[in-house]
Amino acid sequence: MFKFSKKPIVVYLAYEPFGFEFLNKFLKNYKKYSSGYDHELIICFKCFYKKKLIDKWERLINVKYTKYYDTNEINDYDIGSYFRIAKKYHDRHILFLGSHTYPITKNWLKIFINHYEDKSLLGSTASLASIPCMFFNFFFDQYTKLQQLRWGLKHLLYVKLFPNPHIRTTGFFIKAQDLLSLNYDLNKFKEKINTNYFESGRKGLSRKLLDKGFKLKVVNSDNKSFHVEDWKYSQTFCLGDQKKLIFSDNRTNEYNKSSLDEKKKRRKFCWGFY
């Protein structure tokens, strides 16, 4: 097992526009499912413009945690906050969890710790999906084919065609210095699409780390890890009934609630098979 000089950090992003419901869901499951490993929990308060509201939320939090108040005036989404936290805690290893993410199995942090090694990026979920391919194959019924062809060409400048392996940023474990070494311009995250490019783009998190010789691994609730070529066997995101997920998030829940035909469609674009 990897030897940590300081206890790892778990960061949860509490995003005010979503309301307290999401933080409450995380807190309930955080208490229900033991992480299995000693850590520091940091709750990042994002887009809170009234101190009274933070005070109100804090009174409802019934776990031990460290507060990080993100004072950035412009909303640069989860990714901007992650970089600022990584800069403050530059000598730590951090599990970043988005606002929609919450644990659904015990020992969730211990599983990441068990499979972490130097020069690696670990995710609870991943995908081979490509944004331009989704448009080129008319995934979105609400848009015309002409619109989708045009948008597909635009996104192709920034995202590779399928297969496009990337760790989803709803839950990922990384050394803070490794994240900071990518030297992203945080001003780009003022636009939501650039957070998508950060996740799956040609110059995104996964692609840049792969180019540096990093390993990208998915971990599941069986305490197993999977390299890129074996991600499809992890029984996690959009695979079967996702029964080996460590965390749930909005997209995994959407998949669970989908019809069989919709599940097939999503599997096709994420993994290339039904």
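**Salt bridges and cores: group meeting talk**

Let me start with Asp211. With a relative accessible area of 59%, Asp211 is over the 50% cut-off, so it counts as exposed. Keep in mind that this is a predicted model.

What does Asp211 pair with? Asp211 makes a salt bridge to Arg207. The closest N and O atoms are 3.7 Å apart. Both residues sit in helix α9, residues 205-211. They are four residues apart, so about one helical turn separates them.

Next, a network. Lys46, Asp70, Asp76 and Arg84 are joined into one by salt bridges that share partners. Take one pair from it. Asp70 and Lys46 meet through their side chains, at 3.8 Å from N to O. Where do Asp70 and Lys46 lie? Asp70 is in the loop between β3 (66-69) and α3, and Lys46 is in strand β2, residues 40-46. The pair therefore ties together parts that are 24 residues apart in sequence. Buried or exposed? Asp70 is buried, and Lys46 is buried too.

Now a pair that reaches further along the chain. Lys217 forms a salt bridge with Glu117, with 2.9 Å between the closest N and O atoms. Lys217 belongs to strand β10, residues 215-219. Glu117 is in the loop between α4 (108-115) and β6 (120-123). These are distant parts of the chain, 100 residues apart.

The two partners do not get the same label. Lys217 has 5% relative accessibility, so it counts as buried, the cut-off being under 20%. Glu117 comes out at 27%, so it counts as partly exposed.

How many salt bridges are there by this rule? The count comes to 18.

On to the nonpolar side. In soluble globular proteins, nonpolar side chains tend to be buried together. Here, the largest nonpolar core has 39 residues. Which residues have the most contacts inside it? Phe96, Leu205 and Trp231. Helix α3, residues 77-88, gives the most to this core, with five residues.

Look at Leu205 more closely. Leaving aside residues up to four places away in sequence, Leu205 touches Leu121, Thr169, Phe172, Ile174, Leu179, Leu182, Tyr184 and Phe198.

Apart from that core lies another, of 31 residues. Phe4, Tyr12, Ile61 and Tyr102 are among them.

To recap. Two cores, of 39 and 31 residues. A salt-bridge network of Lys46, Asp70, Asp76 and Arg84. And a Lys217 to Glu117 pair that links parts 100 residues apart.

Terms used: Residues are numbered from 1 along each chain as its sequence is written. This is a predicted model: local features need pLDDT of at least 70, side-chain atom pairs count only at pLDDT 80 or more; totals for chains, interfaces and linings use all residues. Side-chain values use heavy atoms; hydrogens and water are left out. A nonpolar core is a set of buried Ala, Val, Leu, Ile, Met, Phe, Trp, Tyr and Cys residues joined through side-chain atoms within 4.5 Å. Buried means under 20% relative accessible area, exposed over 50%, partly exposed in between (1.4 Å probe, protein chains only). Helices (H or I, at least four residues) and strands (E, at least two) are DSSP runs, numbered from the N terminus. Contact means heavy atoms within 4.5 Å. A salt bridge is a side-chain nitrogen of Lys or Arg within 4 Å of a carboxyl oxygen of Asp or Glu.
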